[in-house]
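Here is a short report for a reader new to this structure. Start with the strands, then step back to the whole chain.

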Amino acid sequence: MMVFKAIIKYPSVRKYIFNRILNLFSLRFKKFKYKYEENLKFDTHVEKILKNISDNFKLNIRLKDPIRKIIEANPIDLEKKMNEKISIINDNLKYKIKTNFSDLENKTIDVLEKGYTLLDSFKISSEDRLSVITKSKKIDCYNQHCNYLAHETKEPWQIQKQKSYYASYDLEDIVKIDELCKIIFDPRICDLAYKTLGCIPTFYGLNLRWSFHTDGKLIGPQQFHRDIENLKCVNFIYNFTETNKGDGSHIYVQRTHNLNSLSKIFDVDKNLSIDPKYQIKNNMSPKDFFTLPFSGYGLNPLIEHYFKDNIKYILNDNIPILENNYGFHAADVPMNDRCVLLIHFALSGSLPSASGSKDIKRIPYNNVSQYFDDNLNNRYIYRNLVKF
Ligand SMILES: [Fe+2]
């Protein structure tokens, strides 16, 4: 079985398992140090829509996250579930478009075909970019790469830089930065999420993250992996610091986001040239790349061998991207400190709860009312971020 061979042959897989167990232990026994929702409730209308969606979704059984990472579901089954869910959401709530951003049509096609797109027109001015950097350095932050994994209290940025690989922020602190709010609530992002997901999106997670320069070791999401928490999810990523290939950019293996696309780029002859020390199965088939142990974490040499020509270094020159994060991707190791904004949209749920954490305390609508309207569409989309 691939999982045993991966454990035996790849020290990085063994390290991943060790860290995973530590994380699970932390989630189970350590207290969260961020403010969280004790009992997440939405307004009555939204609750009703969510109940209808859940009652009608027949294929809603999924493996629990840690098990799912070992025995990933068959990509054909996943697609079937995904399509059923999209159609049920569409039956229950229509996305109302205020402005039709027709220039985003090509970007949508890019995401559907390649798995990602570059969003040149979303670039902000370099003054605004510097302002995000300067302001975020003055706000206390957590020592984790995701805010919902914080088991220690916030500390000044300078302290985290000295002792941690990462820093991340509370939602209520992120929205204090006006330049970030303008991006987060930009209706074009929502429109792209709608077009690429195929139904009204759910704001799934938000993070402002600093990655500090390390000794070049690959840690956590800096290894190739698929994000499999949700049936379908797209990430908007904006890098505010300067990045280039080999220095904190983002790596995406294009056309690996669904079985059909991956089958077209798969070269069966690569089975003959793989170094035996990295081989985890004789004659790998396209489907095997969706059931890799631990969603691919720790298997960089294997993925690089089969998909070398499709590895793209993106997120350079401060151009934001939108990616389907079911395709293989990784954060590049930064040679300089890197400040990045991540906005996740999915079919349902929230990233903290899918990862076994508690939902972060939402922001009162009044704090962000200048950026977007209070209507049913927005109450549904932003329900995990904003308390209306
Ligand atoms: Fe990821």
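In this predicted model, strand β2 (residues 166-168) runs antiparallel to β3, and the two pair over 3 bridges. One bridge partner can be named: S168 is matched with R209 in β3. Strand β3 also pairs with strand β9 (residues 338-346), again in the antiparallel sense, over 9 bridges. Here S211 stands opposite R338 in β9.

The two pairings are set out below.

| Strands | Sense | Bridges |
|---|---|---|
| β2 and β3 | antiparallel | 3 bridges |
| β3 and β9 | antiparallel | 9 bridges |

How many residues of strand β3 are buried? Strand β3 covers residues 202-211, and 10 of its 10 residues are buried, so it is largely enclosed by the rest of the structure.

Now the helices. Helix α3 (residues 44-56) and helix α5 (residues 75-92) have axes that come within 9 Å and cross at roughly 145°. Their crossing is right-handed. From α3, the residues I49, N52, I53 and N56 meet I88, I89 and N92 of α5. By class, this contact has 4 nonpolar residues, 3 polar and no charged ones.

Last, the whole chain. The protein chain holds 17 helices and 11 strands. Its radius of gyration is 20 Å, close to the 21 Å that the globule rule gives for 388 residues, so the chain is as compact as a globular protein of that length. Along the principal axes, its C-alpha atoms fill a box of roughly 60 × 50 × 45 Å. Of the 388 residues, 40% count as buried. Among contacts between residues at least 6 apart in sequence, 83% join residues at least 24 apart.

Notes. Residues numbered from 1 in each chain as written. Predicted model: local features only at pLDDT ≥ 70, side-chain atom pairs only at ≥ 80, totals over all residues. Axes fitted to C-alpha atoms, helices over the stretch in contact; angles between N-to-C directions. Helix = DSSP H or I, 4+ residues; strand = E, 2+ residues; numbered from the N terminus. Left-handed = near helix turned anticlockwise from the far one by under 90°. Contact = placed C-beta atoms within 7 Å. Nonpolar A, V, L, I, M, F, W, Y, C, P; charged D, E, K, R; others polar. Rg over C-alpha atoms; globule rule 2.2 N^0.38 Å. Buried ≥ 20, exposed ≤ 12 C-beta atoms within 10 Å, placed from the backbone. Pairing = 2+ DSSP bridges.
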